[in-house]
Each structure stands twice: as structure tokens, then as C-alpha cells.
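Let's take a look together at how two chains meet, and then at a couple of backbone oddities.

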Protein chains: 2
Amino acid sequence: MDEFMEMAMEEARKGLAEGGIPIGSVLVRQGKVIGRGHNRRVQAGDPMAHAEIDCLRNAGRTGSYRDTVLYSTLMPCYLCSGAVVQFGIPKVIVAESETFPGGPEFMRQHGVEVVDLHLPEAVQMMTDFIAARPELWNEDIGK
Amino acid sequence: MDEFMEMAMEEARKGLAEGGIPIGSVLVRQGKVIGRGHNRRVQAGDPMAHAEIDCLRNAGRTGSYRDTVLYSTLMPCYLCSGAVVQFGIPKVIVAESETFPGGPEFMRQHGVEVVDLHLPEAVQMMTDFIAARPELWNEDIGK
């Protein structure tokens with residue numbers, strides 16, 4: 001697996017071990033990780049702490065995003081797709097979109113390249129989590 | 001002025017007094033404020049802390065947003081519009097959209113009612129800020 005997606009998967013597993021929602025994200029600039037994070041809704045009581053938002057927050061005020069790539073273990077929802085579009089992140093690589101469709105069409109309409117790796121282990125992790133904690137998952141996506 | 005928009009303006013002025021970007025937001029459920037916040041990019045070094053995100057974070061895990069109204073002193077950008085759409089906030093009231101167009105069409109496409117109050121004092125506050133700190137404003141909207 002791509003080393004950056006492996007890091008995003010590690011973040012997701014870290015979140016799961018903390019009792020949270022297993023989604024992880026990594027921001028890369030020219031081959032270097034400049035931010036990483038995971039969903040912290042449960043851990044921080046913060047409904048805005050989706051993995052991608054946590055990752056971008058941890059990257060801090062890093063200047064232009066024009067030379068960055070955002071990795072996520074799951075297709076970004078509209079909140080996170082909105083961040084990608086607003087801040088001009090040109091490329092998003094996701095592990096899967098089978099368990100949640102997210103907002104790829106919105107990102108693509110705004111010129112973002114969206115790559116879906118269709119990784120079975122990522123699908124399995126989310127499938128298991130959604131089966132175990134459906135109420136928490138629905139809360140996280142506003143259902 | 002609407003009492004909730006007045007609170008959002010207070011939040012914006014608080015942010016300005018802290019050396020930050022003067023945008024404020026308030027979340028209301030059935031006539032009661034359940035969250036308020038302001039842009040904290042500068043204060044917290046957090047590029048995700050747009051006013052609406054800060055407000056929604058402060059409201060915490062508050063259950064369904066179906067009976068809420070989000071107030072903002074400025075038309076939400078795509079990050080914040082994405083939060084509105086993803087979490088199913090049905091109505092957004094903004095003080096102005098003259099100094100920044102934001103993403104009203106995206107929200108409306110997803111069934112959100114967007115009301116623009118066109119308040120001159122909000123336009124003036126942002127106009128003055130953008131003239132004084134153009135680099136900070138451009139950073140905040142990813143330009």
C-alpha cells in the first residue's frame with residue numbers, strides 16, 4: 001500500500017482504539033507529510049473534527065495548498081469536500097467510497113482530481129464499525 | 001437588528017479585538033442560542049476555525065440540526081456551506097455577501113434556505129478589514 005495511505009490507515013486505527021470513528025487522513029506536500037489526523041468526534045466532543053478537518057487543523061497555517069495531496073481512508077463528506085475546494089487542494093486520494101459515497105462530484109466540478117483506491121481492508125474496517133456502532137456513524141454524517 | 005445577528009456581530013467584533021478576522025456566527029434552536037463562535041485562524045493558528053465551524057464546534061454534539069438556524073456575519077464559504085449541507089441545517093441567515101460571495105448556490109441546490117440581510121455595518125466591517133489586512137483575508141479564503 002502507498003506509504004501515505006498506510007499512515008492514514010494507522011490514524012484510522014488509532015481513532016478506533018480511542019473509542020472513536022475509524023477514519024484517518026494525511027496531508028502531503030512534495031513527498032513530505034505536513035499534517036495527519038483522525039476523526040475525533042467522540043474523543044473531543046467535536047462534531048467538526050472529521051478526519052480531514054483534524055488533519056488540516058494539525059497542518060496549521062501552511063500557506064498555499066496548491067502543491068499538496070490529501071489522503072483519506074474514506075471519501076470526504078461535503079464538509080471535508082468543501083474544505084478541499086475552498087482551500088484549493090488539487091488532489092484527493094481515498095481508500096474507499098463503498099461504505100459512504102461522499103462528495104466526489106462536487107470536488108470534480110471544481111477541478112479537483114479524486115482517486116479512489118478501492119482498498120478492501122478500508123472497506124472492511126468501516127463495514128465492521130458501521131455494523132457495531134450505527135448510531136454513532138449516523139451522527140457523524142448528519143443522518 | 002435581529003438579536004441573533006447582533007450576537008453574531010458581537011462575536012465578529014470580539015475576533016477583531018483579539019487581532020483576528022472579524023466574522024461571527026451563532027447557532028439557534030427554537031429561539032435559543034446553542035452555540036456561538038468567531039473566526040480563530042490567527043488566535044488558534046487553526047485554518048479550519050472559520051466562524052461557522054467554531055460556532056458548530058462550540059455547540060458540541062447536539063443531535064439533529066433539523067430545527068436549527070445558523071447565523072453568520074458573512075456568506076459561508078464552501079467549507080462552511082459544506083458543513084451546513086452535510087449536517088442538514090435547513091436555514092442560514094447572513095449579514096452580507098457583498099465582500100465575499102461564498103457558496104449560496106451550493107446550499108440552495110441542497111434545499112437550504114439562505115437569507116441575506118444586506119446589513120451596511122457588516123459590509124463596512126469587512127471592507128475595512130480587507131483593506132487593512134488583505135494578505136490575512138486571502139489566506140483565510142485560500143487565495
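Four salt bridges are found across the interface of chain B and chain A in this predicted model. In one of them, the side chains of A:Arg61 and B:Glu139 come together at 2.7 Å, N to O. Polar contacts join in too: eight residue pairs make them across the interface, both partners at pLDDT 80 or more.

Which elements of chain B each supply at least two residues of the side that touches chain A? They are α2 (41–44), α3 (51–59), α4 (78–86) and α7 (134–140). Of these, α4(B) gives the most, with six residues. By character, the residues on this side of chain B divide into 16 nonpolar, seven polar and six charged.

Now for the extent of the interface. In terms of contacts, 29 residues of chain B meet 29 residues of chain A. The two chains bury about 2500 Å² between them, with 65% of it on carbon and sulfur atoms. B:Arg61, B:Gln86 and B:Phe87 supply 29% of the area that chain B buries against chain A, more than any other three residues.

Finally, two residues deserve a glance for their backbone: A:His118 has a positive phi without being a glycine, and so does B:Gln30. Here they are side by side.

| Residue | Phi | Loop | Relative accessibility |
|---|---|---|---|
| A:His118 | about 50 degrees | between β5 (113–116) and α6 (120–132) of chain A | 55%, exposed |
| B:Gln30 | about 45 degrees | between β1 (24–29) and β2 (32–38) of chain B | 68%, exposed |

A:His118 counts as exposed because its 55% relative accessibility is over 50%. B:Gln30, at 68%, counts as exposed for its part.

Definitions and conventions
Residues are numbered from 1 along each chain as its sequence is written. Chains are lettered from A and ligands numbered from 1 in the order in which they are written. This is a predicted model: local features need pLDDT of at least 70, side-chain atom pairs count only at pLDDT 80 or more; totals for chains, interfaces and linings use all residues. Side-chain values use heavy atoms; hydrogens and water are left out. Contact means heavy atoms within 4.5 Å. Buried area is the accessible area (1.4 Å probe) that two parts lose on being put together, summed over both. A polar contact is a pair of N or O atoms within 3.5 Å; within protein, one must be able to donate a hydrogen and the other to accept it, and residues adjacent in sequence count only if both atoms are side-chain atoms. Helices (H or I, at least four residues) and strands (E, at least two) are DSSP runs, numbered from the N terminus. Ala, Val, Leu, Ile, Met, Phe, Trp, Tyr, Cys and Pro count as nonpolar, Asp, Glu, Lys and Arg as charged, and the others, Gly among them, as polar. Buried means under 20% relative accessible area, exposed over 50%, partly exposed in between (1.4 Å probe, protein chains only).
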